[in-house]
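Hi everyone, thanks for making time for this. I'd like to walk you through one model today, going from the whole chain down to a few individual residues. Let me put it up on the screen.

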Amino acid sequence: MTNPLSDRINSLPISATLAMAAKARELKAQGKDIISLSLGEPDFNTPDFIKEAAIKAINDNYNSYSPVDGYADLKQAICTKFKRDNNLTYNLNQIVVSTGAKQSIANVAMVLLNPGDEVLLPAPYWVSYSAIATLAEATFKEIPSTIETNFKITPQQLEEAITPKTKMIFFNSPNNPSGTIYTEEEYRALAKVLEKHPQIYILSDEIYEHINYGTPNFSFAAIESMYHRTITVNGVAKAFAMTGWRIGYIGAPEWIAKACTKMQGQITSGANCIAQRATITALEAPVSNIKYMVDEFRKRRDMVLELLGKIDGFKLNIPGGAFYVFPDISAFFGKNIKGHTIKNASDFSMLLLEEANVATVTGDAFGAPSCIRLSYAASESQLKEAIRRIEEVLN
């Protein structure tokens, strides 16, 4: 029997991060003591002041369909936030609120990309970028980097990767999975290349902007020559511990925002009304209100780097933001450990899951086949125990 499913869905890979999280849950259900370091999800609760705003919205009877592109007062709060934190000036017609930043990115890809268009992905990149490009019937091209270059691409690499078919490039800083942050100077150097190619649009994913440990976040759209070609994506999932609330948003040229609203109007319509009301409170609050989470993440980062640094074979850099470490583990390739032959990062991740009961994510999924991703959005005791188990298996 032929497969009745569409070519579209058959061409789409399963999210590696979600697949590993599901595998970890399955093993836990079987009674195994799994420590999951696979999902990019803060282990904090949503701050009380945001929850109280949601409760007020319920009591105020917010229960009707919201505007497709978001409540006007939420869009105004987003405009104010963009000006305050990113030095970006947008008006309400340039803002679209979506059901998570993932939908924001998918909307942009669907309205800009045609079959055969090419998307450039500086690697490592978030797993869904390539899948979203594929869903939009575009092709994607990886621009590789290594731990030696702190997982950053150079202007020369960018220039060499561009072809007449290139339509978009995705930037993500602070980066998932590496935690790398591009500086203003580095972004301006890349923009110099893109100035020569006016047909290329830039998607700048800044969802981790507030989770950084010293390097100020710089928005690509703040480069004057790039403003009219850049779509800035953000949301409240990571910095405000609101992953399940599902609110993302874009600031974009008005014609792109209008197209995204049109697309969203036929897919989901407006985002959850209660979550939108709570997001107004989150965005209007001083950034200092979430500093306690960032401070804790930094403390965990330093501890994880110290502990992993004691394991022979782990090559580490110092991530500047987000809540991941992305070690190069290629020193283990070709070895046999506990009956597992390690040919690649996927084998190594499976070894850690089956022998150490620790769930990580293979770098293959992020376009970096020599690495694995560990999330330190877990308690200090869990992190210490996970690394102790990893060290025990590898030794």
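Before anything else, one definition for the helix spans I'll quote: the expected span of a helix is 1.5 Å times one less than its number of residues. And please keep in mind that this is a predicted model.

Let's use that definition straight away on helix H5, residues 101–112. H5 has 12 residues, and the distance from its first C-alpha to its last is 17 Å, close to the 16 Å expected. The buried residues in H5 are Ala101, Gln103, Ser104, Ile105, Asn107, Val108, Ala109 and Leu112.

Now let me step back to the whole chain. There are 13 helices and 14 strands. How does the radius of gyration compare with the globule rule for 395 residues? The radius is 21 Å, close to the 21 Å from the rule, so the chain is as compact as a globular protein of that length. If you like to think in boxes, the C-alpha atoms fill one of roughly 60 × 55 × 55 Å along the principal axes.

A few more totals for the chain. Buried residues account for 56% of the 395. Among contacts with a separation of 6 or more, 73% are between residues 24 or more positions apart. On the outside, about 16,900 Å² is exposed, and carbon and sulfur atoms supply 52% of that. As for charge, there are 39 positive and 42 negative charges, and their mean positions lie 2 Å apart.

Back to helices, and on to H11, residues 291–308. What span should its 18 residues have, and what do we find? At 1.5 Å a residue they should span 26 Å, and the end C-alpha atoms are 26 Å apart, which agrees. Buried in H11 are Met293, Val294, Phe297, Arg300, Arg301, Met303, Val304, Leu305 and Leu308. Do notice the two arginines in that list, Arg300 and Arg301. The cover over these buried residues includes strand S9, residues 324–325, and helix H13, residues 380–394.

Follow the chain into the loop between H11 and S9 and you meet Gly309. Is Gly309 buried, exposed or partly exposed? Its relative accessibility is 49%, so it counts as partly exposed; the cut-off for exposed is over 50%. Gly309 and Val119 are 190 residues apart along the chain, and their C-alpha atoms are separated by 36 Å.

There is another glycine I'd like you to look at, Gly251, in strand S8, residues 248–251. Gly251 is buried, with a relative accessible area of 0%. Which residues does Gly251 contact, leaving aside neighbours within four places in sequence? They are Phe82, Tyr90, Gln94, Ile95, Thr230, Ile231 and Thr232. From Gly251 to Thr360, 109 residues away along the chain, the C-alpha separation is 33 Å.

Next, strand S5, where we find Ile169. Ile169 is buried as well, at 0% relative accessible area. Setting aside residues up to four places away in sequence, Ile169 touches Leu120, Pro122, Leu158, Leu194, Ile200, Tyr201, Ile202 and Leu203. Take Ile202 from that list: 33 residues separate it from Ile169 in sequence, yet the C-alpha atoms are 5.1 Å apart in space.

S5 also takes us to some backbone details. Pro174 sits in the loop between S5, residues 166–172, and helix H8, residues 184–194. The peptide bond from Ser173 to Pro174 is cis, with omega near -10 degrees. A second cis bond runs from Ala123 to Pro124, with omega near 5 degrees. Pro124 belongs to the loop between strand S3, residues 118–122, and helix H6, residues 127–135.

Last stop: positive phi angles. Asn61 is not a glycine, but its phi is positive, about 65 degrees. You'll find Asn61 in the loop between helix H3, residues 48–59, and helix H4, residues 72–86, and it is exposed, with a relative accessible area of 57%. Lys338, again not a glycine, has a positive phi of about 50 degrees. Lys338 is in the loop between strand S10, residues 336–337, and strand S11, residues 340–341. At 54% relative accessibility, Lys338 counts as exposed.

That's my tour, thanks for listening!

Definitions and conventions
Residues are numbered from 1 along each chain as its sequence is written. This is a predicted model: local features need pLDDT of at least 70, side-chain atom pairs count only at pLDDT 80 or more; totals for chains, interfaces and linings use all residues. Side-chain values use heavy atoms; hydrogens and water are left out. Helices (H or I, at least four residues) and strands (E, at least two) are DSSP runs, numbered from the N terminus. The radius of gyration is taken over C-alpha atoms; the globule rule is 2.2 Å times the number of residues to the power 0.38. Buried means under 20% relative accessible area, exposed over 50%, partly exposed in between (1.4 Å probe, protein chains only). Contact means heavy atoms within 4.5 Å. Accessible areas come from the Shrake-Rupley method with a 1.4 Å probe; for residues, only the protein chains shown count as cover. Lys and Arg count as positive and Asp and Glu as negative; His and the chain ends are not counted. The place of a charge is taken as NZ of Lys, CZ of Arg, CG of Asp or CD of Glu.
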